[in-house]
Amino acid sequence: MLDQPPRVRLYDGKFPDDIEQADEIVSLHLAAGISDIVLLLGFDLGEKPKNPNKLLEHRAHVYRTLVKHAIEDNPEVQWVLVDHPGAIRKDLSKKDNLTQDTLENVLAMLDA
């Protein structure tokens, strides 16, 4: 075990098995807690057809819901989908704090 600094508390936890990509969900919440703008590169928030496999569809639904809640629960954060492949799904498309842009534009703004 690592030496623990005096004011740091460590917690051990486990996500339920039906949460896919839990590290992404945690990262969204951590980024939202310290950032005014969160860039979402590699996220696909488009409409998806239902998966005939009920377990896989359930897991995908849980993941989509957790991403949606991260965006909704942090209305002061501007979420930017970078190089998103197509339209955003309907339940997220009307969120004022979620936009799309190209990587080229994002890099140009960071360079300015």
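Student: Which residue of β2 stands opposite Leu39?

Tutor: In this predicted model, Leu39 stands opposite Val80 in β2. Another bridge links Val38 to its partner Trp79 in β2.

Student: What makes β1 and β2 a pair of strands?

Tutor: Pairing needs at least two bridges between the strands. Strand β1 (residues 37-41) and β2 have five bridges, in the parallel sense. They therefore pair.

Student: How does the chain get from β1 to β2, and what is the hand of the crossover?

Tutor: The path runs from β1 through α2 to β2. This β-α-β crossover is right-handed.

Student: How do you know that β2 also pairs with β3?

Tutor: Count the bridges again. At least two are needed. Four bridges join β2 to strand β3 (residues 98-101), and the two run parallel. So β2 and β3 pair as well. Val80 takes part here too: its bridge partner in β3 is Thr99.

Student: Why is β2 called mostly covered?

Tutor: Buried means under 20% relative accessible area. Four of the five residues of β2 (residues 78-82) are buried. So the strand is mostly covered.

Student: Which side chains of β1 point to the buried face?

Tutor: Val38 and Leu40 point to one face and are buried. Ile37, Leu39 and Leu41 point to the other face and are not buried. The side chains alternate along the strand.

Student: How do you know that the length of helix α1 agrees with what is expected?

Tutor: Helix α1 (residues 22-34) has 13 residues. At 1.5 Å a residue, the helix should span 18 Å. Its end C-alpha atoms are 19 Å apart, so the two values agree.

Student: Which residues of α1 are buried, and what puts them on the same side?

Tutor: Ala22, Ile25, Leu28 and Ala32 are buried. They cover an arc of only 125° around the axis, so they sit on the same side of α1. Their cover includes β1, α2 and β2. The face turned away from the buried side carries the exposed residues Asp23, Leu30 and Ile34.

Student: Why is Glu57 called buried?

Tutor: Its relative accessible area is 13%. The cut-off is under 20%, so Glu57 is buried. Glu57 belongs to helix α2 (residues 54-72).

Student: What makes the approach of Glu57 to Asn51 a polar contact?

Tutor: A polar atom of the Glu57 side chain lies 2.8 Å from the backbone nitrogen of Asn51. The limit is within 3.5 Å, so the distance fits. Beyond its neighbours within four places in sequence, Glu57 is in contact with Pro49, Lys50, Asn51 and Arg64.

Student: Where is Asn97, and why is Asn97 called buried?

Tutor: Asn97 is in the loop between α3 (90-93) and β3. Its relative accessible area is 7%. That is under 20%, so Asn97 is buried.

Student: Which backbone oxygens does the side chain of Asn97 reach?

Tutor: The side chain reaches the backbone oxygen of Ile71 at 3.1 Å. It also reaches the backbone oxygen of Asn74 at 3.1 Å. Both distances are within 3.5 Å, so they fit the limit for a polar contact. Apart from neighbours within four places in sequence, the contacts of Asn97 include Pro75, Val77, Gln78 and Trp79.

Conventions:
Residues are numbered from 1 along each chain as its sequence is written. This is a predicted model: local features need pLDDT of at least 70, side-chain atom pairs count only at pLDDT 80 or more; totals for chains, interfaces and linings use all residues. Side-chain values use heavy atoms; hydrogens and water are left out. Buried means under 20% relative accessible area, exposed over 50%, partly exposed in between (1.4 Å probe, protein chains only). A polar contact is a pair of N or O atoms within 3.5 Å; within protein, one must be able to donate a hydrogen and the other to accept it, and residues adjacent in sequence count only if both atoms are side-chain atoms. Contact means heavy atoms within 4.5 Å. A crossover is right-handed if, with the strands pointing away from the viewer, the path from the first strand over the helix to the second runs clockwise. The expected span of a helix is 1.5 Å times one less than its number of residues. The arc is that of the directions from the helix axis to the C-beta atoms.
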